[in-house]
Amino acid sequence: ENVDALYEQLKAAIVKRKTEFDHFIDFLENRTAWLSAPAEKEGPMAIEKGLLIRSVGVAKQLLRIKDTLMPQLDDEAAIIIGLFHDVGKVGIEGKPLFIVEEKVSSTSALGLSLNRSIPTASAPTYTINTNLVPMKVGVRSLFLVSQYMLLSDDEAQAITYAADTKCIEGAPSPYTTVLETAIKLQKNIYENSYL
């Protein structure tokens, strides 16, 4: 309910990397589906604005966790990796990752209407855009962020692998570990009670 206000608070907290952060936010807000995209094809966040709700939630969880478990993690780094860990789900400019399925009707030989997909106004059905080059969300997220912002090695690993740490050769960085925990808290606790 207050995702917009929380999002504005997180944006306002970026000071040291404000110029590059603001350029990236401008790109996201004005040239992609960042403010309206779902976070998933199915599930509690398969809703308009689901990606923003999840991203803001993960960033807030990460700030709470870092205060307790990893105070040496910079607040700005926490906000950047929390907000942008899933940003690859916007797709790229002009090609969103998730598209709303259209209602497809056909008429049978008996003249009966057959609806294959019937999205409703309150619950659209999403599909993956096949016009995008396939890549993991973390990789696309890193691809997008790194075009606008300089990231540390720890931040890059966290954005790329936090949702898929088993793909890391070697040990995950502390940033990746705390981001992975924040994602699990957001998804398993807060999003399950969201709807």
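## Helix 6 against helix 7

In helix 6, the residues Asp154, Glu155, Gln157, Ala158, Ile159 and Tyr161 meet Tyr175, Thr176 and Leu179 of helix 7, where contact means heavy atoms within 4.5 Å and helices are DSSP runs (H or I, at least four residues; strands are E, at least two) numbered from the N terminus. Sorted by class, the residues of this contact comprise 5 nonpolar, 2 polar and 2 charged (Ala, Val, Leu, Ile, Met, Phe, Trp, Tyr, Cys and Pro are nonpolar, Asp, Glu, Lys and Arg charged, the others, Gly among them, polar). Helix 6 spans residues 153-161 and helix 7 residues 174-191, and their axes come within 8 Å of one another while crossing at roughly 35° (axes are lines fitted to C-alpha atoms, for helices over the stretch in contact, and angles run from 0 to 180 degrees between N-to-C directions).

Glu180 also has its place in helix 7, and its C-alpha atom lies 8.0 Å from that of Ala158, although 22 residues separate Glu180 and Ala158 in sequence. Leaving aside residues up to four places away in sequence, Glu180 touches Ala162 and Thr165.

## Basis and overall architecture

The model is predicted, so to speak of a local feature requires pLDDT of at least 70 and a side-chain atom pair counts only at pLDDT 80 or more, while totals for chains, interfaces and linings use all residues. Residues are numbered from 1 along each chain as its sequence is written, and side-chain values use heavy atoms, with hydrogens and water left out.

The protein chain has 7 helices and 4 strands, and read from the N terminus its elements follow the order α-α-α-α-β-β-β-β-α-α-α. Of its 195 residues, 43% count as buried (under 20% relative accessible area; exposed is over 50%, partly exposed in between; 1.4 Å probe, protein chains only). Among the contacts in the protein chain with a separation of 6 or more, 62% join residues that are 24 or more positions apart.

## Helix 6 against helix 4

Helix 4, formed by residues 75-84, packs with helix 6 at an angle of about 25°, and the two axes are 9 Å apart. Helix 4 and helix 6 are therefore roughly parallel to each other (under 35 degrees; over 145 is roughly antiparallel, 65 to 115 roughly perpendicular and the rest oblique). From helix 4 the contact draws on Ala77, Ile81 and Phe84, and from helix 6 on Glu155, Ala158 and Ile159. This contact of helix 4 with helix 6 consists of 5 nonpolar, no polar and 1 charged residues.

Ala77 has a further spatial relation, since its C-alpha atom is 9.1 Å from that of Ser152 even though Ser152 and Ala77 stand 75 residues apart in sequence. Ser152 is situated in the loop between helix 5 (137-146) and helix 6, where its relative accessibility of 32% makes it partly exposed.

## Helix 6 against helix 5

The axes of helix 5 and helix 6 come within 6 Å of each other and cross at roughly 140°, which makes helix 5 oblique to helix 6. On the side of helix 5 the residues concerned are Gly138, Val139, Ser141, Leu142 and Val145, and on the side of helix 6 they are Ala156, Ile159 and Thr160. The class division for this contact of helix 5 with helix 6 is 5 nonpolar, 3 polar and no charged.

## Phe84 and its surroundings

Phe84 is found in helix 4 and is buried, its relative accessible area being 0%. When residues up to four places away in sequence are not counted, Phe84 touches Phe21, Phe24, Ile25, Leu28, Trp34, Ser141, Val145, Met149 and Ile159. Two of these, Ser141 and Val145, belong to the helix 5 residues that meet helix 6, and Ile159 is one of the helix 6 residues in the contact with helix 4. Phe84 and Gly138 are 54 residues apart along the chain, and 9.4 Å separates their C-alpha atoms.

## A backbone detail at Lys49

Lys49 lies in the loop that runs between helix 2 (18-31) and helix 3 (50-69). Its phi is near 80°, a positive value in a residue other than glycine. With a relative accessible area of 23%, Lys49 is partly exposed.
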